[in-house]
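The report that follows describes covalent links, charge pairs and packing, taken in that order. Please read it beside the sequence and the structure shown here.

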Amino acid sequence: MRFPFISEGGFHLKNAFRLTVVLVAALCTALPVVADEGMWMPQQIPDLAPRLKELGFTGDAKMWADLTGFPMNAIVSLGGCSASFISPDGLIATNNHCVQGSLQYNSTPERNLIVDGYLARTRDEELSNGPGSRVWVTVSVKEVTDQITGKIDPKLTDRKRFDVIERRVKEQTAACEKDGLRCNVASFFEGLRYFEIAQLEINDVRLVYSPPQGIGNYGGETDNWQWPRHTGDFSFYRAYVGKDGKPAPFSKENVPYHPKHFLKVSPKGASPGELIFVAGYPGRTQRHETYAEVKERTEWALPRSVRRSKEMIALLEATTKGQKELEIKAEPRMRGLLNGMKKNEGVLEGLLKGGILARKKVKQEALEAWIAADPQRKKEYGGVLAEMAAMQAEGEKTRERDSVLGGVYFGSTLVGTANQLYRLSLERPKANIDRDPTFQERNWTRMKEGLERMQRTYDNRLDRPMLRYALLEAAALPADQRIAPLDTLVGFAPGMAKDEAAKKIDAYLDTLYAGTKIPEKDFRLALFDKSTKEIVDTKDEAVKLAAALYPVQEANREREKANDGKRSRLRPQYMRALLAQGGGLVAPDANSTLRVTFGRVMGVDPRDGMRYLPQTTLQGVVDKNTGGGEFNVPARQLEAIQALRAGKKTPYFDAKLGDVPVNFMSDVDTTGGNSGSAVLNSQGELVGLLFDGTLETVASDFLFETEKTRSIQVDTRYMLWTWDAVEGAKNLLDEVGIK
């Protein structure tokens, strides 16, 4: 099915964008050896044509802006990870670590796909990812700034201003969602501009191939965020639709989706010095945060996150030890905690020892001086930084309590689910336009799918230690930041000894888990359509906890809505100051929308006396092999390497390397969410999949490091060689056109 691209007005750059491009090109001409900052919106790429030409691009830069054309129509989102179509029958390439939920969903202690991997040799053998799995194909982007923030009465309170913007976003979204499209109105440049993004939503997604852990997660946490890497971080899904070609829930009668465009998989991979493009959905960067905001992250938020991750990892390890069923259920969460912890440690290192925090301070002082130097600028921007600082200082007063309360909901699936059902019952009687956006009808199907999927992932034995951990944090809160309902229900008092608090928590949790039926599928699904009175009348202990916490949660939401209204005034003003000061030389922060970045395959000197070469090979896989743990090469892969060494020919051999390449490094600008992003050559062919960055430069999320920022990709030659020599997956080679 074809969808209209976008209105012409929505895809022309404004003057600020054009000026940004000119200055970027000028800067890069003067400094040809540094990386190019910018996770660019596709429509910006044509104006970067001069810079691309300098890097050797001879094609038409407009190809990157046409979302209904090649190659951009092949780029998709999995929700948290990026991916791409690589065959006419809807075969999707992404990272191995992006399919852990699917592997976990389909695993049992007797058949652990997380460890063993999986290969479907026929379409009938492809495994459903379960309810809630999605593929989103972006089909149009249109600027709607005037519709969202235009002509707002300046006399409105911040709280009323929030309501106006939220309602306009909901109305814009509803008008967009037709013919199976899923729409989102996203903020760019700190709320200075808004764009409507329309996506085709495919909800029957199946697992086709994932390598064994000894390939797909080779090196584990030891090698994570490190170089050199030797990881086969690739896996493959297939998208299915109804026989009419439209998205449909899982059914054996569904047929493979036929994308309008798909990527050709290159058997040549990528070579040092080659220009590459990365297309995907980067999550979040914070390059436009103020110095005070980054300072708080450095001194409080990040250290707290690292500490809590370590403690929760230890809890999960102790809880799951020797219990295969629990290990399988905990695996996605465990990997997420480990990955986030290591990244945050690297970010802290970069902010402090790497000097990024100090550089942020210098940048802000320069902005303040620039504003103060001109009466007109002082009039226009003079008060914005002070107001933003006051907002932050106010938020810091209750940050500990607010974070602990959030930990109760997000740490415990039981509490989070009970809270969702209780809030839905309160929102359901309202008109759809008046509901909280999370609880509008457009989200009900996915909410229900989550309740169904919970059956494969939830276990009281995993949930209880996480909730106990959060309640111990609540017990330790200072007197002026107490969570009153928890004090009442559990029996806490300010200053209570930890041992005494632990006893009260254990007694309360005995009552809670014995008195709830939320873990039972039929019970929680039955609550989905119930009224608030009917839910409360069940006297379920988890519902009782959710209802008790609701007033505190609602008060926090009300406060945050007023703050969001204030931010909608201040942050665009702050952004205009940054744009004006830099002459437009400011790229939009990543916000989980489709972006394109470009760079070259190249190594780096990360620190004094050390040099990283840009490629790794099969020899490194063998050299690291220990036969166990994180470096356990599957026997069939060792046999394939031995056969190669014995003279067996392969088209994926790189004569310059004298081996089959595995991973390569490039200077592209990426972040979390780019996992699984297609790495393309100048012809738009797939030459790799992006899966990681280096620990030395992960703090570039806050301030881009032009000289040393590097990303890590898996070469398509390693993927194809694995299919061919290790798995004998002729069906996949044939499908992507490799003879």
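## Disulfides

A disulfide is taken here as a pair of cysteine sulfur atoms within 2.5 Å. The model is a predicted one, and a search of the whole structure finds 2 disulfides. When the bonded cysteines are counted along the chain, their pairing follows the pattern 1-2, 3-4.

One disulfide joins cysteine 81 to cysteine 98, with an S to S distance of 2.1 Å, and it is left-handed, with -80° about the S-S bond. This pair links distant parts of the chain, since cysteine 81 lies in the loop between strand S1 (75-77) and strand S2 (82-85), while cysteine 98 lies in the loop between strand S3 (91-94) and helix H3 (100-105), 17 residues apart. Cysteine 81 has 12% relative accessibility and therefore counts as buried, and cysteine 98, at 15%, counts as buried as well.

Cysteine 176 and cysteine 183 form a disulfide with their sulfur atoms 2.0 Å apart. The torsion about the S-S bond of cysteine 176 and cysteine 183 is about -65°, so this disulfide is left-handed. Both cysteine 176 and cysteine 183 are buried.

## Salt bridges

Side chains of opposite charge can pair when their charged atoms come close. In this model the count comes to 66 salt bridges. In one of them, arginine 51 pairs with glutamate 54, the closest N and O atoms being 3.0 Å apart; both residues lie in helix H2 (residues 49-54), 3 residues apart, which is about one turn of the helix. Arginine 51 counts as buried at 3% relative accessibility, whereas glutamate 54, at 42%, counts as partly exposed.

Arginine 123 and glutamate 735 meet through their side chains in a salt bridge of 3.8 Å, N to O. This pair links distant parts of the chain, with arginine 123 in the loop between strand S4 (118-119) and strand S5 (127-128) and glutamate 735 in helix H26 (residues 730-735), 612 residues apart. At 33% relative accessibility arginine 123 counts as partly exposed, while glutamate 735 is buried, with a relative accessible area of 17%.

A further salt bridge brings together the side chains of aspartate 537 and lysine 533, at 2.7 Å from N to O. Aspartate 537 is partly exposed, with a relative accessible area of 44%, and lysine 533 is exposed, with a relative accessible area of 61%. Elsewhere, salt bridges that share partners join Asp89, Arg123, Glu126, Arg238 and Glu735 into one network.

## Nonpolar cores and a buried glycine

The largest nonpolar core has 111 residues, and those with the most contacts inside it are Phe85, Ile86, Phe236 and Trp723. Leaving aside neighbours within four places in sequence, tryptophan 723 is in contact with Ile86, Tyr209, Phe236, Gly728, Ala729, Leu732, Leu733 and Val736. A second, separate core of 48 residues includes Leu414, Leu451, Leu472 and Tyr508.

Glycine 117 lies in the loop between helix H4 (113-116) and S4, and at 10% relative accessibility it counts as buried. Beyond neighbours within four places in sequence, glycine 117 is in contact with Asn112, Ser210, Pro211 and Pro212. Glycine 117 and serine 235 are 118 residues apart in sequence and 9.5 Å apart in space, C-alpha to C-alpha.

## Aromatic rings

The count of aromatic pairs comes to 13. In one pair, the rings of phenylalanine 57 and phenylalanine 277 have their centres 5.4 Å apart and their planes at 70°, so the arrangement is edge-to-face. Because phenylalanine 57 lies in the loop between H2 and S1 and phenylalanine 277 in strand S12 (residues 275-280), the pair ties together parts that are 220 residues apart in sequence. Phenylalanine 57 and phenylalanine 277 are both buried.

Phenylalanine 234 and phenylalanine 236 form a tilted aromatic pair, 6.3 Å centre to centre and with 45° between the planes. Phenylalanine 234 is buried, with a relative accessible area of 0%, and phenylalanine 236 also counts as buried, at 0% relative accessibility. These two residues belong to one aromatic cluster formed by Tyr209, Phe234, Phe236, Tyr718, Trp721 and Trp723.

Charged side chains also sit over rings: arginine 206 lies over the face of tyrosine 240, at 3.7 Å from the ring centre, and the charged end of arginine 428 sits over the ring of tryptophan 444, 4.5 Å from its centre.

Terms used
Residues numbered from 1 in each chain as written. Predicted model: local features only at pLDDT ≥ 70, side-chain atom pairs only at ≥ 80, totals over all residues. Heavy atoms only, no water. Helix = DSSP H or I, 4+ residues; strand = E, 2+ residues; numbered from the N terminus. Buried < 20%, exposed > 50% of the residue type's maximum accessible area, 1.4 Å probe, protein only. Salt bridge = Lys/Arg side-chain N within 4 Å of Asp/Glu carboxyl O. Contact = heavy atoms within 4.5 Å. Core = buried A, V, L, I, M, F, W, Y, C linked by side-chain atoms within 4.5 Å. Phe/Tyr/Trp six-rings, centres within 6.5 Å; stacked < 30°, edge-to-face > 60°. Lys NZ or Arg CZ within 6 Å of the ring centre and 35° of its normal.
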